[in-house]
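Here is a short tour of one protein model, with a look at its charged side chains and the molecules it holds. Have the picture open while you read.

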Amino acid sequence: MKVIGITGGVGSGKSRVLEILEREYGAQVIQADLVARELMEPGGAGYEKLVALYGDRILATDKTIDRPRMAALMFHDDEMLQTVNGIIHPLVWASIRRQIEGSDSELVVVEAALPDENHRDIYTELWYVYTSEENRMARLLEGRGYSREKTRSVMDSQLPEEEFRRMADAVVDNNGSLEDTGRQIALLLK
Ligand SMILES: CC(C)(COP(=O)(O)OP(=O)(O)OC[C@H]1O[C@@H](n2cnc3c(N)ncnc32)[C@H](O)[C@@H]1O)[C@@H](O)C(=O)NCCC(=O)NCCS
Ligand SMILES: Nc1ncnc2c1ncn2[C@@H]1O[C@H](COP(=O)(O)OP(=O)(O)OP(=O)(O)O)[C@@H](O)[C@H]1O
């Protein structure tokens, strides 16, 4: 089994790269963001811990976690960011490891915006999806309706580009068309 990690900053195109790997190469896809989301639903292992710490400040009226509100708090408060990461990330990595162990797929792809040196052993290879900040900003404003301010605060909460490059085994440049990105992926998988 080959396990490829896909990392990169917010809006760099990780999900698009995942789609190509799933559609054209039959990869099984695991997304850390989605794993975290499930853990934070009522009944999930992370929900009680976060609610015990932050209470109504992060809850919607139906008692689910109010994600836009939590983003507005967390991406502007480094202490909260570190605390949430400390609660959620160990649970996310444990879940990802279990899913890989239980998989019989030849190719598994793990999308993680936040690569962690301590979990590098999960991947056979780690790819960094590189897109300039200007292009990411433009794509997120247009494609996802993010505000400039939200995008900036998430970017500032993530690793700097040099760190991503240092950890990665390969770089996929997604500044051009998706066809171009697809060609780079084909070469990397040769
Ligand atoms: C704050 C939350 C509720 C905001 O949810 P929302 O639906 O608005 O955004 P979404 O989850 O799509 O994330 C938006 C962008 O921020 C990035 N991001 C999310 N969490 C983090 C974090 N802890 N540090 C840096 N970037 C992050 C995502 O990769 C994505 O690029 C959510 O991001 C969250 O619960 N984060 C903490 C859990 C976490 O670290 N998840 C990331 C993968 S493990
Ligand atoms: N090569 C490309 N050309 C044009 N638009 C693109 C390209 N790649 C991605 N996009 C668009 O940019 C936006 C961000 O891409 P995507 O959702 O794949 O990023 P991501 O890295 O998965 O984001 P996140 O970190 O939030 O999970 C989307 O609207 C997507 O359609």
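Let's start with Arg-16, which is partly exposed, at a relative accessible area of 39%. In this predicted model, Arg-16 has a salt-bridge partner, Glu-19, and the closest N and O atoms of the two are 2.8 Å apart. Glu-19 is partly exposed too, with a relative accessible area of 33%. How far apart are Glu-19 and Arg-16 in helix 1? They are three residues apart, which puts about one helical turn between them. As a general rule, side chains of opposite charge can pair when their charged atoms come close.

The structure holds twelve salt bridges, so let's pick out a few more of them, with the cut-off in mind that N and O must be within 4 Å. Glu-117 and Arg-166 form one of them, at 3.2 Å from N to O. Glu-117 sits in the loop between strand 3 (107-111) and strand 4 (125-130), while Arg-166 belongs to helix 8 (residues 161-167), so this pair ties together parts that are 49 residues apart in sequence. Glu-117 counts as partly exposed, at 47% relative accessibility.

Arg-166 also has a salt bridge with Glu-163, where the closest N and O atoms are 3.0 Å apart. This pair stays within helix 8: the two residues are three apart, or about one turn of the helix. Glu-163 is partly exposed, with a relative accessible area of 27%. Put the pieces together and you get a network of salt bridges linking Glu-117, Glu-163 and Arg-166.

Now go back to helix 1 (residues 14-25), where you'll find Lys-14. Is Lys-14 buried or exposed? Lys-14 is buried, and yet it has no salt bridge. The nearest side chain of opposite charge is Glu-111, 4.3 Å away, and a salt bridge has to be within 4 Å, so this pair doesn't qualify. Lys-14 does have other company: the backbone oxygen of Gly-9 lies 3.0 Å from a polar atom of its side chain. Setting aside neighbours within four places in sequence, the residues in contact with Lys-14 include Ile-6, Thr-7, Ala-113 and Val-129.

Lys-14 also leads us to ligand 2. This ligand is surrounded by 17 residues, and the closest are Lys-14, Ser-15, Arg-16, Arg-144 and Gly-176. So the Arg-16 we began with turns up here as well. A polar side-chain atom of Lys-14 lies 2.6 Å from an oxygen atom of ligand 2. Glu-111 has a side-chain N or O atom 3.4 Å from an oxygen atom of ligand 2. On its own, ligand 2 exposes 640 Å², and the protein buries 80% of that.

What about ligand 1? There are 21 residues around ligand 1, and those that come nearest are Met-40, Arg-67, Asn-85, His-89 and Lys-150. The table collects polar side-chain atoms and their distances to ligand atoms.

| Side chain | Ligand atom | Distance |
|---|---|---|
| Asp-33 | oxygen of ligand 1 | 3.4 Å |
| Arg-37 | oxygen of ligand 1 | 3.4 Å |
| Arg-67 | oxygen of ligand 1 | 3.0 Å |

The protein covers 92% of the 760 Å² of accessible area that ligand 1 has on its own.

Key:
Residues are numbered from 1 along each chain as its sequence is written. Chains are lettered from A and ligands numbered from 1 in the order in which they are written. This is a predicted model: local features need pLDDT of at least 70, side-chain atom pairs count only at pLDDT 80 or more; totals for chains, interfaces and linings use all residues. Side-chain values use heavy atoms; hydrogens and water are left out. Helices (H or I, at least four residues) and strands (E, at least two) are DSSP runs, numbered from the N terminus. Buried means under 20% relative accessible area, exposed over 50%, partly exposed in between (1.4 Å probe, protein chains only). Lys and Arg count as positive and Asp and Glu as negative; His and the chain ends are not counted. A polar contact is a pair of N or O atoms within 3.5 Å; within protein, one must be able to donate a hydrogen and the other to accept it, and residues adjacent in sequence count only if both atoms are side-chain atoms. Contact means heavy atoms within 4.5 Å. A residue is near a molecule or strand if one of its heavy atoms lies within 4 Å of it. Accessible areas come from the Shrake-Rupley method with a 1.4 Å probe; for residues, only the protein chains shown count as cover.
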